[in-house]
Amino acid sequence: MEVDYAWGTSSNNVPVQKLEQHFRENFESLQPEYYVKVPGRVNLIGEHVDYCGYSVFPMAIDQCIVVAAKRTTDRQTVELTNLCTERYENVSKNISDISAESLGKTPSWSNYFMCGVKGAREYLSNSQLKTFEKVGFLFAITGNIPESSGLSSSSALVTAAVMATLVGYGVPISRLELAEISAKCERYIGTAGGGMDQAIAVNAKQGYAARIDFNPLAVKQFRLPADAKFVVAQSLAVKNKAASNDFNTRVVECRLASQIIAKKLNLEWEQMTVLANLQKRSGNSLDQMIELVHQHLHVEGYSKSEVCEILSVSEDRLDELSLTANTTDVAEFYLHQRALHVFEEAKRMEEFCRLCENSGGASDLGRLMDDSHSSLRDLYQCSHPDLEELVALCKREGAYGCKLTGAGWGGCVVVMVPSDGAERFVKSVRDQYFSNRETFGRRIDELVFATSPSEGACCVHVK
Ligand code: ADP
Ligand code: NG1
Ligand code: MG
């Protein structure tokens with residue numbers, strides 16, 4: 001049987017032929033019927049603002065998740081196997097047993113995937129669900145996005161699962177809808193994320209970064225300056241966003257900041273959980289929102305009881321209105337700092353787009369990335385000492401700009417460097433940052449590499 005891999009037999013260094021063999025070995029010598037590929041991403045600016053309703057500016061990277069898939073018609077099970085068997089165990093589950101409750105219990109690799117299967121099924125009508133009563137799936141998965149490093153391996157995996165399931169059912173979906181349902185269903189794992197990762201994974205266009213707006217979701221492709229190249233480097237510190245409450249604490253801090261300012265402005269505060277909605281509803285500019293932060297939110301941390309007192313609600317009611325299951329016991333919320341970051345970052349993101357539209361200089365763009373990073377470190381407090389060391393090195397080596405990408409607390413930096421100096425830059429960072437660190441057998445070219453905007457998700461059928 002011949003496979004028409006639109007992306008070549010070795011997709012972006014992902015061993016597709018090995019995956020096919022793994023599929024056959026695990027699934028009674030059956031052949032995959034189709035493949036789905038979904039890339040990771042870096043975000044150039046607009047960090048930790050998507051869940052506040054503000055726009056972001058990511059681009060897809062080469063690294064991706066690939067799923068080899070086949071639909072079955074004699075059992076209603078989803079069977080998963082991963083090429084990396086030592087790390088990711090095989091799992092078999094009855095489709096109707098995939099519940100939100102079970103997915104939120106532990107952020108195992110298979111639960112991320114099952115979030116996507118559930119999300120795809122929620123897209124089906126009742127009559128489609130009835131028609132597909134006996135349909136199940138065989139999925140073999142591999143990928144080369146460094147995980148828990150801010151390059152969005154989780155969303156590539158979840159989005160690939162949504163796609164692979166819908167393709168198997170033969171149910172068409174638009175790219176925007178696919179991005180939206182993938183963002184929604186990833187939340188079953190327990191993170192209250194925005195929709196950036198899934199939107200770029202699905203809508204990316206080779207050679208372009210994209211501006212992504214939310215509510216409603218919209219994607220606009222942007223060319224990047226020709227005299228700059230982008231480099232990604234891993235700090236080697238990893239952070240699984242669903243395994244602690246740090247990520248959700250930031251989401252919740254932004255909600256509380258929004259609700260408290262709304263209350264102070266005599267607006268209906270209970271529904272005002274998103275800072276961008278507060279801005280819209282109050283009719284203010286971003287500068288005016290920054291003023292309101294200084295006016296209404298103190299710099300010291302807020303205890304839960306203080307928040308309840310300001311909003312005149314019980315703790316139980318606050319849990320219901322604003323908190324997530326894993327943030328009900330947070331001792332202090334830093335509302336001033338988080339809201340200030342969000343409004344200032346939203347301004348930087350607008351400025352970045354304006355510069356790109358008007359062929360702005362790389363050094364101005366780089367300065368915005370640097371400012372973004374300082375704010376993430378100081379106001380958002382989501383950096384890591386190793387990552388700071390890496391940022392300082394990148395700046396010393398002549399970067400136009402450098403910032404953490406994704407949620408942070410470790411992970412990767414994205415660096416803008418002069419085009420003609422990119423190779424030398426990569427070598428210097430390799431030599432200085434990684435030469436005396438334990439890299440756990442990872443290839444040096446996976447730890448620091450130049451990257452250019454890649455194509456979004458695709459599906460190919462076996463001929
Ligand atoms: P990221 O910043 O990469 O999105 P997350 O903490 O959000 O990191 O998610 C990482 C999780 O995604 C991993 O712990 C793992 O469960 C899952 N994952 C990522 N890549 C793979 C892969 N190739 N195979 C299986 N699971 C993966
Ligand atoms: P990573 O680090 O890739 O898991 C997370 C969120 C994004 C966004 C960024 C910070 C998810 C799935 N992803 O990315 O929505 O908020 O952090 O800008 O929650
Ligand atoms: Mg993630």
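These legends describe close-up views of a predicted model.

**View 1. Four strands form an open sheet.** The strand order is E11-E12-E10-E13. Pairing in this sheet is antiparallel. Strand E11, residues 401-404, and strand E13, residues 448-451, are the edge strands. Each of these two pairs on one side only. From one strand to the next, the twist averages 25°. In general, strands of a sheet pair through backbone hydrogen bonds, either parallel or antiparallel.

**View 2. Strand E10 pairs with strand E13.** Strand E10 covers residues 228-234. Four bridges link E10 and E13, in the antiparallel sense. Ala 233 stands opposite Val 448, a residue of E13.

**View 3. Helix H14 lies across strands of the sheet.** This helix spans residues 362-378. It lies across E10, E11 and strand E12, the last being residues 412-418. Helix H14 runs at about 30° to E11.

**View 4. Ligand 1 sits among 19 residues.** Asn 82, Gly 150, Ser 153, Ser 154 and Lys 241 come nearest to ligand 1. The shell around ligand 1 divides into seven nonpolar, nine polar and three charged residues. Helix H5 gives three residues, the largest share of this shell.

**View 5. Side chains meet oxygen atoms of ligand 1.** An N or O atom in the side chain of Ser 153 is 2.6 Å from an oxygen atom of ligand 1. For the side chain of Asn 240, the corresponding distance to an oxygen atom of the ligand is 3.1 Å. For the side chain of Glu 147, it is 3.5 Å. On its own, ligand 1 has 580 Å² of accessible area, and the protein covers 93% of it. Helix H3 (109-122) and helix H5 (153-169) are the elements that give two or more residues to the shell around ligand 1.

**View 6. Ligand 2 has 18 residues around it.** The closest residues to ligand 2 are Arg 41, Glu 47, His 48, Asp 50 and Asp 197. The shell around ligand 2 holds four nonpolar, eight polar and six charged residues. Helix H7, residues 196-203, gives the most to this shell, with three residues.

**View 7. Backbone atoms meet oxygen atoms of ligand 2.** His 48 places a backbone N or O atom 2.8 Å from an oxygen atom of ligand 2. A polar backbone atom of Ala 407 is 2.9 Å from an oxygen atom of ligand 2. For a backbone N or O atom of Gly 194, the distance to an oxygen atom of the ligand is 3.2 Å. Ligand 2 has 450 Å² of accessible area on its own, and the protein covers 96% of that area.

**View 8. A cis peptide bond joins Asn 215 to Pro 216.** Its omega is near 0°. Pro 216 lies in a loop. Strand E8 (209-213) and strand E9 (218-222) stand on either side of that loop in the sequence. In general, most peptide bonds are trans.

**View 9. Ser 29 has a positive phi.** The phi value of Ser 29 is near 60°. Ser 29 is a residue other than glycine. Its place is in the loop between helix H1, residues 16-26, and strand E3, residues 34-43. In general, most residues other than glycine have a negative phi.

How values were computed. Residues are numbered from 1 along each chain as its sequence is written. Chains are lettered from A and ligands numbered from 1 in the order in which they are written. This is a predicted model: local features need pLDDT of at least 70, side-chain atom pairs count only at pLDDT 80 or more; totals for chains, interfaces and linings use all residues. Side-chain values use heavy atoms; hydrogens and water are left out. Two strands pair if DSSP finds at least two bridges between them. Axes are lines fitted to C-alpha atoms, for helices over the stretch in contact, and angles run from 0 to 180 degrees between N-to-C directions. Contact means heavy atoms within 4.5 Å. A residue is near a molecule or strand if one of its heavy atoms lies within 4 Å of it. A polar contact is a pair of N or O atoms within 3.5 Å; within protein, one must be able to donate a hydrogen and the other to accept it, and residues adjacent in sequence count only if both atoms are side-chain atoms. Accessible areas come from the Shrake-Rupley method with a 1.4 Å probe; for residues, only the protein chains shown count as cover. Ala, Val, Leu, Ile, Met, Phe, Trp, Tyr, Cys and Pro count as nonpolar, Asp, Glu, Lys and Arg as charged, and the others, Gly among them, as polar.
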